[in-house]
Amino acid sequence: MLDIKTVKQSFFLKILLLTTFISFIPFLLLGLYSLVQVHNLSEKIIDQQIEKTKTNALSQISLYLEKEAETVNLELVKVENNLKLIQKQAEMIFTKDDYSFSTYSDIKLVKSNQGYLREPEPIIDKYDKANFFVSSQAVNSTSMMADLKKAKELEPLLKQTIRNESILKAAYLFLSESAWLTYPAMNIDYEVATNKLPPDIRLQDYEFYHIADQAHNPDRSVKWTKPFQDISHWNWVIAAAAPVYLPSGELRGVVGVHFPIEYIKMKLNDIKFDEPHAFAFIIDNNGNFIAGQRNKPDDSYENHLIDTALKKKKGISQVSLSQGNIYLLSTPIRNNGWILNFAIPESDIIDPIVKDVKKETSIQIFSFSQHLFLLLVCGTLVLTVFSYRFSKTITNPIKRLTMALKESARGNFGKQIPVTQDDEIGNLTKTFNFMNGTIQQLIDELHDRAHQLEDKVLERTKELEDANNQLVDTYKKLKKSEQLRSELIIQISHDLKTPLTSIKGYHEVLMNYDHLSTEQKNEFMKLILLRLNHMIQLVNDLFDITAMDINEMHFEKEWIPVEFLLEHSLDMVSMNTPEQSIAVQCHFEADLPLLYVDAKKLNRAFVNILENAIKYSKNKEEIKIEIKAYQQNQDVYIEFKDQGIGISEENIKNIFSPFFRDQRAKNENIIGSGLGLTISQKIIHAHQGEIFVESEAGMGTTITIRLPEVDLATEL
């Protein structure tokens, strides 16, 4: 058995007893604290469970609300579709001026003592037919009577609508003169005698008419009124109305149906709630009460619910009232903007939940207490074992630290001691590991820096080589550019010098030789004009080439037939060479697509090619040119074939170079600048096309142009 002296002499026993005591006290206090807080925990569990269950319940009710709203919406959609059919039929009837009224004879109306007009026949069965009414304030005219006769054509459709939709009370056509046709038939005299129908009624004063006029319904759709007590015996209804317009844009009247409030209330009464005090109601988008499982609210309690529903429109709102909190679930009826609402008192949801949750919480608290007691017993045993093992954690790290110091003395700085605890000994171990790691890191960094320096020297050497190569390439390009510039200046100077020299010679002849005849003088003037035109054309060509090279040439594209372009180019060439006999054979494939091109620019390219075919023709007496146009895949191909002097094989690759001319053309004194085909190629390339040349010296030349077909829908 341990005594005090033994404990004082043993460092191991001191640590064992101290760690056991210090560890057990907090553990015991934690258990007591848990028992004290268990009551608070149970309350939180109850609140969380209530909130969770309440959320689930409201979500399920929201789904139910959406389903009921869709059911009501489908009923209203059916009504609107029937009304749109009546509206369309009415506008068709009033559109035809020469409408045939073979079905019905002339209508007969009698005037009552109060001044209104009605049909004279007594009503035996109101569902047998529709009948007319004309207000006493209406202006009786021939056109109105004709329109009433036209309106009679709607009677079968009105009957069919009411019979198909038994929930509807009436279907009707109101004319702007305060006259109407309604089905089922109204007992006009009875309604007037009971003061429900004013004999001088003006329909424009009532919402079921003016809701459909231009001011209230510019899009000419179906509109719904607020609930109202009908002027006849149909009591509380809502009306759906749609305008009837003449082709001139004049509002001729309104077609509509009466939808009973009682039916909507009946549909709402079919909605069943598990909550005893919940109820449903519908309002319109202006806050007007339509119907509900209760009557129209007349106190601040339900008026407050209506205000909240109007602001929220969709979703769940919590309304705080003196009677308690109420959850208001709202969703719009898509077709007409009405809002279906469920009002559910919070107590109806919470009270059953609280009862169930408290019972479940009591069971959980008892189970928690049992587990806590068992945990305290096991914890005491674990702490005793832990304290024993803890004493061993002091001497073992010291031994490992001693061995690591010996390894470092041998130069092995990579040796790391495992850190098994986070205390002073653990910090000492970390410091030792950090020292060894730092020394090893410094050694590694010295090696890395040596390698990096070597890599940077190699990298810099390569960069200098690349820079030198770029300078050499740039120098070569500049040298070539300077050479091309010099060649261009020489070529332009030569092409300008030749005609200027000729002009100077002709001018000196005209100035120095007075004995020249008029014909000779005119001939010299023509030659001077020819040389001047050649110089002007050369300058214009140089300007166009420069504009194309710097992308400043503006293209105005349009859709145009390829045949038209080719024919126009031929006409221009014929006008420029009236003295030449030109035979052109054209072969155009049928149904060629339109080209989306700049007609002027493309015409110039064609003219350049055709003028070359004429200038370089072998037989000047009769020049033959063959032109083909055809489609291949998604491209249009145009071929120009001549019987000229042709181009040698070694010169074909140079013909699109500026100022290039075949030596034979120079020998035969054929006037030209050598820029025509260069300009033609740039124009074709600007249209995303290609130009090809096939030629043989002495056998003629064939130039083929490919132009892509452009999608009309894409360009539009």
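Accessible areas here come from the Shrake-Rupley method with a 1.4 Å probe, and for residues only the protein chains shown count as cover.

**Figure 1. The whole chain at a glance.** The accessible surface comes to about 42,800 Å², and 55% of that belongs to carbon and sulfur atoms. This is a predicted model, where local features need pLDDT of at least 70, side-chain atom pairs count only at pLDDT 80 or more, and totals for chains, interfaces and linings use all residues. Residues are numbered from 1 along each chain as its sequence is written, and side-chain values use heavy atoms, with hydrogens and water left out. The chain has 16 helices and 21 strands (DSSP runs numbered from the N terminus: H or I of at least four residues for helices, E of at least two for strands). Of the 716 residues, 40% are buried (under 20% relative accessible area, 1.4 Å probe, protein chains only).

**Figure 2. Helix 13 meets helix 15.** The axes of helix 13 (residues 599–615) and helix 15 (residues 676–686) come within 9 Å and cross at roughly 145 degrees (axes are lines fitted to C-alpha atoms, for helices over the stretch in contact, and angles run from 0 to 180 degrees between N-to-C directions). Helix 13 brings Lys601, Leu602, Arg604, Ala605, Asn608, Ile609 and Asn612 to the contact, while helix 15 offers Gly676, Leu677, Ile679, Ser680, Ile683 and Ile684 (contact means heavy atoms within 4.5 Å). Sorted by type, these are seven nonpolar, four polar and two charged residues (Ala, Val, Leu, Ile, Met, Phe, Trp, Tyr, Cys and Pro count as nonpolar, Asp, Glu, Lys and Arg as charged, and the others, Gly among them, as polar).

**Figure 3. Strand 21 and its two partners.** Eight of the nine residues in strand 21 (residues 700–708) are buried. Seven bridges tie it, antiparallel, to strand 19 (residues 635–642), with aspartate 635 opposite proline 708. Strand 20 (residues 690–696) also runs antiparallel to strand 21, again through seven bridges, and here phenylalanine 692 faces threonine 704. The hairpin of strands 20 and 21 has three residues between the strands, and glycine 698 takes a positive phi near 85 degrees.

**Figure 4. A five-stranded open sheet.** The strand order is 11-10-14-13-12, with antiparallel pairing (two strands pair if DSSP finds at least two bridges between them). Strand 11 (289–292) and strand 12 (315–321) sit at the edges with a single partner strand each, so one side of each has no neighbour in the sheet. The twist averages 25 degrees from one strand to the next. Helix 7 (residues 261–269) lies across strand 10 (279–283), strand 11 and strand 14, at about 45 degrees to strand 11.

Methods. Buried means under 20% relative accessible area, exposed over 50%, partly exposed in between (1.4 Å probe, protein chains only).
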